[in-house]
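Hi,

Here is the structure I promised to pass on. Have a look first, and my notes follow underneath.

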Amino acid sequence: MDIDDLVAIPLKTVPDHVAIGRITAGYRYRRDAAPDRRHVRPVVWLQRAQPRSAIQQDLLHSLGSLLTICQLRRNGAARRIAVLADTGVDPGPTPDELSSDGWATPDDFIARAAATEDGLEVTIRELLGEWGAGRRTSSAVAVIQRDLGENGLTTVPPFTEGWIGRSIRVVKTGAEADDSTDETATEKLIEAEEEQDIASAEDQGDDGLVHEKPFTLRFGNLLQSETAVESVLPTDSIVLARTLMLKHNYSQLAVTDEDGVFHGAISWESVAQAQMAHQSVTTVAQAQHTASVAAYDDLVLPRIDEISSHGFVFVRSKDGRTVAGIITSADLTNRFGEIAKPFTMIEECERRLHRRVKAKIPSEVIAAATQNRHKNADTLTFGSYAHLLKEVRTFGLLNWPLDHTEFLRQVRGVADIRNKMMHFSPDPIPTDEWGVIDGLLAMLHAVDPLP
């Protein structure tokens, strides 16, 4: 807190009203005051009982934070509180303040989570969707963490970890504020200068620009659940191990002791080898073999050769106490397919567009349509095709029997997906976006059948 910062306190003593003041001096300690009123800041009250009806809903949501003290930065809060203190009217956010970070805070969702005693259960995908995000890019993660934190909420386990389809709980992290009209308040802080903390999950370079964090894929991101894997004891019978592998259609099982300590694995291959080496194989211990284990946060890429060689790797839980899952070669194939497929499809769309534009549209038309940013077809980016082809006359030069409006909508949709994919994240693109890419590719296949 600094001198001249504004404070706003939802009042319990005057229901449906808010007090607004300004800090006038530095911190003071009052030795003779009640224990919960010794650490104070002198405040001059500008509005002692401002009706909540004068405040717009988004700002009321922010004022309802569970934290005793928090900083309000969303939707021009600092400027609006200052106007409220002066005029008694909330002017609302400006368009620039609403779109300053590109994400819309889901106030209703946050309010429901705050009102739920045991927390609100959602999947990570559903949580992202509340903010209009489909993947955990660094900017989306930073905004969600900021909005949850400012409202006294967090997720258990962290939504930044694990498979996007796993379930988490949005729970409270702070106690409800103890509001009063005392002249020396240490309640909800709103700094006079609004700050943006969106770059908190990003790296800032020497050039002063914010750079996206590098894409990293960890074993925990590949686990679709963290339910302990099927396992057997070293003393269990081979018959039981075979039965469980048949039941679950598994190729291998983890071998653990009664305390959950990992000892290795048993597989169809190791059973066969043990039976060839020994006439009588009755227990799991006789057929178990060593197996690779990865920590939850270990990077996947350095261990791809190992997984390819052995066929699988077990993954420990976040706390390292148990085996939380298994990643097989097939899992990696599917996962990297999810990552590579959209890039491949968009590249094909771009190749077909480029070929036709280069053959049919003169360079001077390209330069004029893109305001000389692109002087010919070879310098066009994917996003530039929408600018180039937005005029019906220019689109007509392609001589494609397609509806101009629908085609342009599809090109813009794919360009938007491509831009989002450039913000690398461990999550695949949402299912509903596949149709956008498929649609454009189907159009191009029909009018440009060449490979």
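**The β16/β17 hairpin**

Strands β16 (residues 312-316) and β17 run antiparallel and are joined by 5 bridges; strands count as paired if DSSP finds at least two bridges between them. Helices (H or I, at least four residues) and strands (E, at least two) are DSSP runs, numbered from the N terminus. Before you read on: this is a predicted model, where local features need pLDDT of at least 70 and side-chain atom pairs count only at pLDDT 80 or more, while totals for chains, interfaces and linings use all residues. Residues are numbered from 1 along each chain as its sequence is written, and side-chain values use heavy atoms, with hydrogens and water left out.

Back to the hairpin. Val315 sits opposite Gly325 in β17. There are 6 residues between the two strands, and Gly320 in this hairpin has a positive phi near 80°. Strand β17 (residues 323-328) is mostly covered, with 5 of its 6 residues buried (buried means under 20% relative accessible area, exposed over 50%, partly exposed in between; 1.4 Å probe, protein chains only).

**A three-stranded sheet and its helix**

There is also an open sheet of 3 strands, in the order β6-β8-β7 and with antiparallel pairing. Its edge strands, β6 (120-123) and β7 (153-156), each pair on one side only. Neighbouring strands are turned by 35° against each other on average, direction ignored (axes are lines fitted to C-alpha atoms, for helices over the stretch in contact, and angles run from 0 to 180 degrees between N-to-C directions). Between β6 and β8 (residues 167-172) there are 4 bridges, and Thr123 has Ser167 as its bridge partner in β8. Helix α4 (residues 107-115) lies across β6, β7 and β8, at about 130° to β6; contact here means heavy atoms within 4.5 Å.

**Rings**

Rings of Phe, Tyr and Trp (its six-membered ring) pair if their centres lie within 6.5 Å; planes under 30 degrees apart are stacked, over 60 edge-to-face, the rest tilted. The count comes to 6 aromatic pairs. One of them is Phe109 with Trp131, edge-to-face at 6.0 Å centre to centre and 80° between the planes. Phe109 is in helix α4 and Trp131 in the loop between α5 (124-130) and α6 (138-150), 22 residues apart. Both are buried.

Trp400 and Phe407 are edge-to-face too, at 5.9 Å and 70°. Trp400 has a relative accessible area of 7%, and Phe407 one of 1%. Ring pairs also link Phe262, Phe312 and Phe314 into a cluster.

Cheers
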